[in-house]
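Me: I'd like a close look at a single part of this model, with enough of the surroundings to place it. Keep it chatty, but keep the cut-offs in.

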Amino acid sequence: MDIATGLTLVDLLCAREFPTARGRTEHGESGPGYHIAVLGTSGDFWEDDGTGREETAAQYEADRDGLTERLTGRWGPPQRFSLRSVLGRVMEGEAVEDPWAGLSEHVPDIHLWREPGSDRWVALGLSLGYGELPVRLLGIVTETDPP
C-alpha cells in the first residue's frame with residue numbers, strides 16, 4: 001500500500017457527504033453516517049499453512065502504522081480503541097450503531113482521531129477476517145461516536 005494514496009483516500013472520505021442508504025462504493029461501502037474504504041487488501045490464504053497470513057498481517061500493521069504516523073502529524077496521537085468489547089455487546093443483543101457493530105466482527109482494534117473542526121471521526125483498522133479470507137487495511141470516517 002502506498003501511504004500517499006491512503007492519505008488521499010482518507011481525505012476524500014472526510015470531504016464526502018454521507019449517503020441516506022447503505023451501499024457499495026468504488027472504495028468500499030458507505031451508509032448513513034459513515035464511509036469505509038479498503039486502503040489495501042491481500043490475496044486469500046487458501047493454500048497457506050498460517051505463516052503467510054502472519055507475515056501479511058505484520059506487513060499490513062506496518063502500513064497502518066505508517067499512515068498513523070502521517071495522521072498523527074496532522075491531528076496528534078490517536079486513541080487506540082478496542083472493538084472486542086463492542087463485539088461482545090452486539091453478540092449479547094445490544095443495539096450498536098454502524099459502522100461500529102459491523103466492524104467489531106472482523107476488526108479487533110482501531111486507531112481513532114476526531115477530525116479537527118468537524119463532527120467526524122477518522123479511524124484506521126485491520127480487517128483480519130477468518131481462515132482463508134484476505135487481510136484488509138480499512139479507512140473509516142463516521143459521524144457516529146464510538147460506543
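Me: Before we get to the main part, where is the place of proline 99? After that, take me along strand E6.

Reply: Proline 99 is in the loop between helix H3 (84–91) and H4. Its link to the residue before is worth a look: the peptide bond from aspartate 98 to proline 99 is cis, with omega near 15 degrees.

A word on ground rules. This is a predicted model, with residues numbered from 1 along each chain as its sequence is written, and local features need pLDDT of at least 70. Side-chain atom pairs count only at pLDDT 80 or more, while totals for chains, interfaces and linings use all residues, and side-chain values use heavy atoms, with hydrogens and water left out.

Now the overall layout. The chain has four helices and seven strands (DSSP runs numbered from the N terminus: H or I of at least four residues for helices, E of at least two for strands). Going along the sequence, you meet them as α-β-β-β-α-β-α-α-β-β-β. The seven strands make an open sheet in the order E1-E2-E3-E7-E6-E5-E4, with antiparallel pairing (strands pair if DSSP finds at least two bridges between them). Strand E1 (23–24) and strand E4 (79–82) stand at the edges with a single partner strand each, so one side of each has no neighbour in the sheet.

In the sheet order, E6 sits between E7 and E5. Seven of the seven residues of E6, which spans residues 121–127, are buried, so the strand is largely enclosed by the rest of the structure (buried means under 20% relative accessible area, exposed over 50%, partly exposed in between, with a 1.4 Å probe and protein chains only). For the chain as a whole, 44% of the 147 residues count as buried. Trp121, Ala123, Gly125 and Ser127 point one way from E6, Val122, Leu124 and Leu126 point the other way, and all are buried.

Take the E5 side. Strand E5 (residues 109–114) runs antiparallel to E6, and five bridges join the two. One place to look is isoleucine 110, which stands opposite glycine 125 in E6. E5 and E6 form a hairpin with six residues between them. In that turn, glycine 117 has a positive phi of about 70 degrees.

On the E7 side, E6 pairs with its neighbour over seven bridges, again in the antiparallel sense. You can check the register in two places: alanine 123 has isoleucine 140 of E7 as its bridge partner, and valine 122 is matched with valine 141 of E7. E7 is mostly covered too, with six of its seven residues buried. Beyond E7 comes E3 in the sheet order, and E3 and E7 also pair in the antiparallel sense over seven bridges. There, threonine 41 stands opposite arginine 136 in E7.

If you want one residue to zoom in on, try alanine 123, which is found in E6. Alanine 123 is buried, with a relative accessible area of 1%. Leaving aside its neighbours within four places in sequence, alanine 123 is in contact with Ile110, His111, Leu112, Leu138, Gly139 and Ile140 (contact means heavy atoms within 4.5 Å). Ile140 in that list is its bridge partner in E7. Alanine 123 and phenylalanine 81 are 42 residues apart in sequence, yet their C-alpha atoms are 9.5 Å apart in space.

Zooming back out to the whole chain, take contacts between residues at least 6 apart in sequence: 59% of them join residues at least 24 apart.

To sum up your strand: E6 has seven of seven residues buried, five bridges with E5 and seven with E7.
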